[in-house]
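Student: I have a structure open and do not know how to read it. Could you take me through some of its features?

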Amino acid sequence: MASPEKPGLLYILGSARSGTTLCAMLASRVRGVFAAGELAGLQPDGDPAPCGCGAKLTQCALWSGVMDAWSRASGKSLAADYRWADARLGRQRQIPRAIMHAQLWGRPHPRWERVHVSLVRAVAEVAGADWIVDSSKSPVRALQLARSQRLRFKAVHVVRDPRGVGCSLMKDVAADPAAGVARPTDGVSAGRAARDWKRAHALATWAAGRLGAGATLRMRYETLLRRPNDAMRAIARHLGRDGAVEDDETSAWRRAHVASGNRMRMHPSTPVFQEDEWKGRLGRDDRIVIERSCKRAMQRLGYRPVGEG
Ligand SMILES: [Zn+2]
């Protein structure tokens with residue numbers, strides 16, 4: 001398939017453990033869409049986590065081609081430019097700098113753009129897709145990609161009940177490279193999980209407000225689980241598609257190569273947890289901590305607190 005002139009980028013915003021990988025995988029069933037994973041963390045020399053196909057990125061049939069195309073497009077200075085972009089414009093606290101640049105010049109910093117937009121274009125070229133899904137979640141990255149004249153841009157903001165997110169964040173996860181988990185993570189307290197959710201939700205909402213009218217589709221995690229086909233069709237319409245599902249060999253090949261994100265990418269057919277799984281697992285005290293802390297945002301999103309009775 002010929003690479004399109006100006007590839008589309010579908011960016012996924014949301015908090016950690018809110019179903020962003022699931023959303024990306026549903027989106028990838030729409031014709032011409034490839035779920036690349038979390039592109040923000042992909043480094044020029046590869047990534048410690050394996051591809052969804054199980055191979056190291058530098059040995060995967062798709063990603064080794066992407067890495068070659070990326071370094072060809074970015075030139076010899078890619079590694080240095082990548083480090084520069086990460087240090088100057090890669091973190092949440094650099095939002096003001098990223099916005100200032102975009103407002104002054106109407107586009108991301110050229111050096112940042114050379115690194116990150118070239119990667120998106122390399123993925124589109126090698127995967128033969130015209131929309132790439134980046135589930136990086138970072139709002140600062142969304143704001144910059146949205147300003148690039150070298151891409152078409154759309155976003156999905158995935159929201160999930162903070163009690164479900166908290167339940168997931170409170171668990172320890174052991175490293176298991178073969179299963180797609182590169183690094184271990186320690187579970188956090190209920191208070192910390194609630195603060196993280198609130199902050200991520202507030203930042204994503206704020207970023208969505210700056211992306212322009214019609215750029216962002218809000219999608220509930222619970223809808224992704226309960227009505228995946230409706231969710232997929234809504235995403236297709238958001239991209240200007242009729243919602244046709246692709247099930248030919250090319251798309252199956254692409255779907256096996258999600259580069260980074262949670263371990264669901266390694267087993268796309270594994271059933272996901274139930275939406276209200278937290279009800280049986282989250283202790284009363286922890287639930288109350290989360291409900292108190294996230295009360296206002298929960299009400300706005302239609303999640304009902306159980307309360308303290
Ligand atoms: Zn692969």
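Student: Which strands does helix α8 lie across?

Tutor: Note beforehand that this is a predicted model. Helix α8, residues 190-210, lies across β1, β4 and β5. Its direction runs at about 150 degrees to β4.

Student: In what order do the five strands stand in the sheet?

Tutor: The order is β2-β3-β1-β4-β5, in an open sheet with parallel pairing. The edge strands are β2 (33-37) and β5 (216-220), each of which pairs on one side only. From one strand to the next, the twist averages 25 degrees.

Student: Which helix packs on the sheet by touching β1, β2 and β3?

Tutor: That is α5, made of residues 110-127. The direction of α5 makes about 135 degrees with that of β3, which spans 131-137.

Student: How many bridges hold β1 and β4 together?

Tutor: Six bridges, in the parallel sense, pair β1 (residues 8-13) with β4 (residues 152-159). To follow one of them, start at L10, whose bridge partner in β4 is K154.

Student: And how many bridges join β4 to β5?

Tutor: Five bridges join these two strands, which run parallel. Look for V159, which stands opposite R220 in β5.

Student: Is β4 mostly covered or mostly open?

Tutor: Mostly covered: six of the eight residues in β4 are buried. A residue counts as buried if 20 or more other C-beta atoms lie within 10 Å of its own.

Student: Now a helix. How many residues has α2, and what distance does it reach?

Tutor: Helix α2 covers residues 63-74, which is 12 residues. From the first C-alpha to the last it reaches 16 Å, close to the 16 Å expected at 1.5 Å a residue.

Student: Which residues of α2 are buried?

Tutor: They are W63, V66, M67, W70 and S74.

Student: Why do the buried residues of α2 line one face of the helix?

Tutor: Start with the general idea. An α-helix has 3.6 residues a turn, so residues three or four places apart point the same way. In this case, the view down the axis of α2 shows its buried residues within an arc of 100 degrees, so they line one face.

Student: What covers the buried residues of α2?

Tutor: The cover includes α3 (78-89) and α5.

Student: Which residue follows α2?

Tutor: G75 follows, and its phi is positive, near 85 degrees.

Terms used: Residues are numbered from 1 along each chain as its sequence is written. This is a predicted model: local features need pLDDT of at least 70, side-chain atom pairs count only at pLDDT 80 or more; totals for chains, interfaces and linings use all residues. Two strands pair if DSSP finds at least two bridges between them. Helices (H or I, at least four residues) and strands (E, at least two) are DSSP runs, numbered from the N terminus. Axes are lines fitted to C-alpha atoms, for helices over the stretch in contact, and angles run from 0 to 180 degrees between N-to-C directions. Two residues are in contact if their C-beta atoms, placed from the backbone, lie within 7 Å. A residue is buried if 20 or more other C-beta atoms lie within 10 Å of its own, exposed if 12 or fewer, and partly exposed in between; C-beta atoms are placed from the backbone. The expected span of a helix is 1.5 Å times one less than its number of residues. The arc is that of the directions from the helix axis to the C-beta atoms.
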